[in-house]
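Welcome to this guided tour. Please open the structure in your viewer, and we will go from stop to stop, choosing what to select next.

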Amino acid sequence: MQAIFDSISTQLDLSAGEVRRLFHGRGRCYPGYEQLVIDLLPPVAIIRLFSEHPVELIEALNRYFQQLQSPFKPDALVVQHRYRRENSIEVLWNTGDEALDQRLMVTELGLKYVVQPLKNQNSGLFLDMREGRRWVKQNSQGKRVLNLFSYTCGFSVVAMAGGAEGVVNLDMSRGALSSGRQNHRLNQLSVERVRFLGHDLFRSWGKLRREGPYNLVIIDPPSFQRGSFVATDDYRKVLKRLPDLTADKGEVLLCLNYPQLGSDFLMQLVKDCCPEFSFCERIANPDDFPDRDPEQSLKVLLFKKG
């Protein structure tokens with residue numbers, strides 16, 4: 001238990017008021033706590049349980065958060081029981097003025113995003129992709145960017161903030177794209193050079209090709225989403241289209257968060273489907289996401305054409 005408290009204290013201070021993972025049990029670095037993570041979405045801290053835990057654990061975490069002296073102490077503490085179908089959200093306390101069932105604004109890398117802290121699955125921003133977003137922000141100056149499986153368009157926000165010439169976002173969820181527009185507006189980023197396409201990727205190749213070619217292509221699909229995308233079957237179909245979408249010397253950021261598939265899966269797919277792309281580097285995961293086996297954690301690989 002002390003290891004959890006130490007992680008919370010350290011990561012809370014490092015957060016400086018921005019979003020951060022306070023405890024990452026899923027990386028299997030803390031035996032006995034593999035089904036526990038704690039996220040900070042200021043002003044809310046969320047205890048996420050992926051299996052049933054003793055009530056004493058929740059009580060101990062509750063007491064610890066209440067007695068915290070950090071200037072970044074959250075105003076609210078929420079428990080999310082991810083293993084339940086009903087009654088999965090439990091608000092332990094809320095001393096702030098924010099209504100937690102509404103959209104809240106959080107900050108990452110100095111940029112603002114809307115999140116829904118009480119949403120049962122994804123709150124609106126995947127915290128483990130912070131270093132990927134940092135890389136795009138630092139390497140998008142003057143580039144035409146294609147953001148596939150864009151979700152709420154976090155990559156588009158950092159690309160435009162980093163001076164991109166324009167971004168094309170594609171996602172089947174029009175609701176997520178609507179949040180993406182709001183994220184751009186929150187940061188005073190013009191959307192005149194940003195496209196939001198609510199289409200099925202596998203029926204949109206012609207449209208995307210006409211909008212291209214792109215200097216940077218970002219592919220961050222779900223690992224398994226029935227009826228939409230299954231990595232083992234569909235990643236290959238996407239990579240076969242890369243040569244037509246990517247400009248000469250263009251870069252591609254391939255992302256995969258699926259413990260059963262390592263980086264060798266992506267490396268082999270690129271070799272098979274688009275051998276003109278060469279591997280450049282793997283973007284490191286954030287230090288608040290420690291993992292005993294990096295090959296079972298998020299993989300973010302950079303390739304370059306030509």
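## First stop: a salt bridge

Start by selecting E165, which counts as partly exposed at 44% relative accessibility. Here, buried means under 20% relative accessible area, exposed means over 50%, and partly exposed is in between, with a 1.4 Å probe and protein chains only. Before going further, note that this is a predicted model, in which local features need pLDDT of at least 70 and side-chain atom pairs count only at pLDDT 80 or more, while totals for chains, interfaces and linings use all residues. Residues are numbered from 1 along each chain as its sequence is written, and side-chain values use heavy atoms, with hydrogens and water left out.

Now add R144 to the selection. Its side chain meets that of E165 in a salt bridge, 3.9 Å from N to O. The term stands for a side-chain nitrogen of Lys or Arg within 4 Å of a carboxyl oxygen of Asp or Glu. R144 lies in strand β8 (residues 144–148) and E165 in the loop between α4 (154–161) and β9 (166–170), so the pair ties together parts that are 21 residues apart in sequence. Like its partner E165, R144 is partly exposed, with a relative accessible area of 25%. Helices (H or I, at least four residues) and strands (E, at least two) are DSSP runs, numbered from the N terminus.

## Step back to the whole protein

Zoom out and colour by secondary structure. How many helices and strands are there in the protein? There are nine helices and 16 strands. Turn the C-alpha trace along its principal axes, where it spans about 55 × 40 × 35 Å.

The protein has 306 residues, for which a compact globule would have a radius of gyration near 19 Å; the value here is 20 Å, which agrees. This radius is taken over C-alpha atoms, and the globule rule is 2.2 Å times the number of residues to the power 0.38. Buried residues make up 53% of the 306 residues.

## More salt bridges

A search of the whole structure finds 16 salt bridges. Select R236 and D272 next: their side chains meet in one of them, at 3.8 Å from N to O. This pair links distant parts of the chain, with R236 in helix α7 (residues 231–239) and D272 in helix α9 (residues 263–273), 36 residues apart. R236 counts as partly exposed at 34% relative accessibility, and D272 is partly exposed too, with a relative accessible area of 43%.

Then move to D200 and R203, whose side chains meet in a salt bridge at 4.0 Å, N to O. Are these two exposed or partly exposed? D200 counts as partly exposed at 27% relative accessibility, whereas R203 counts as exposed at 76%.

For a network, select R20, R130, E131, R134, D287 and D288, which are linked by salt bridges.

## A positive patch

Show the surface and select K207, R209, R210 and R241, which form a positive surface patch. Patches are made of residues with over 30% relative accessible area and no salt bridge, with like charges joined within 9 Å and nonpolar side chains (Val, Leu, Ile, Met, Phe, Trp, Tyr) within 5 Å. Pick out R210: it lies in helix α6 (residues 205–211) and is exposed, with a relative accessible area of 66%.

## Turns of the backbone

Follow the chain to the loop between α6 and β11 (214–219), where P213 lies. The peptide bond from G212 to P213 is cis, with omega near 0°. Another cis peptide bond runs from P42 to P43, with omega near 15°; P43 is found in the loop between β2 (36–41) and β3 (44–49).

Next, select A16 in the loop between α1 (2–15) and β1 (20–24). A16 has a positive phi of about 50° although it is not a glycine. K249, also a residue other than glycine, has a positive phi near 70°. You will find K249 in strand β14 (residues 246–256), where it is exposed, with a relative accessible area of 57%.

## Last stop: a buried leucine

Finish at L125, in the loop between β7 (111–115) and α3 (130–138). Is L125 buried or exposed? At 7% relative accessibility, L125 counts as buried. Add C153 and draw a distance: the C-alpha atoms of L125 and C153 are separated by 9.2 Å, with the two residues 28 apart along the chain.

Note on methods:
Accessible areas come from the Shrake-Rupley method with a 1.4 Å probe; for residues, only the protein chains shown count as cover. Lys and Arg count as positive and Asp and Glu as negative; His and the chain ends are not counted. The place of a charge is taken as NZ of Lys, CZ of Arg, CG of Asp or CD of Glu.
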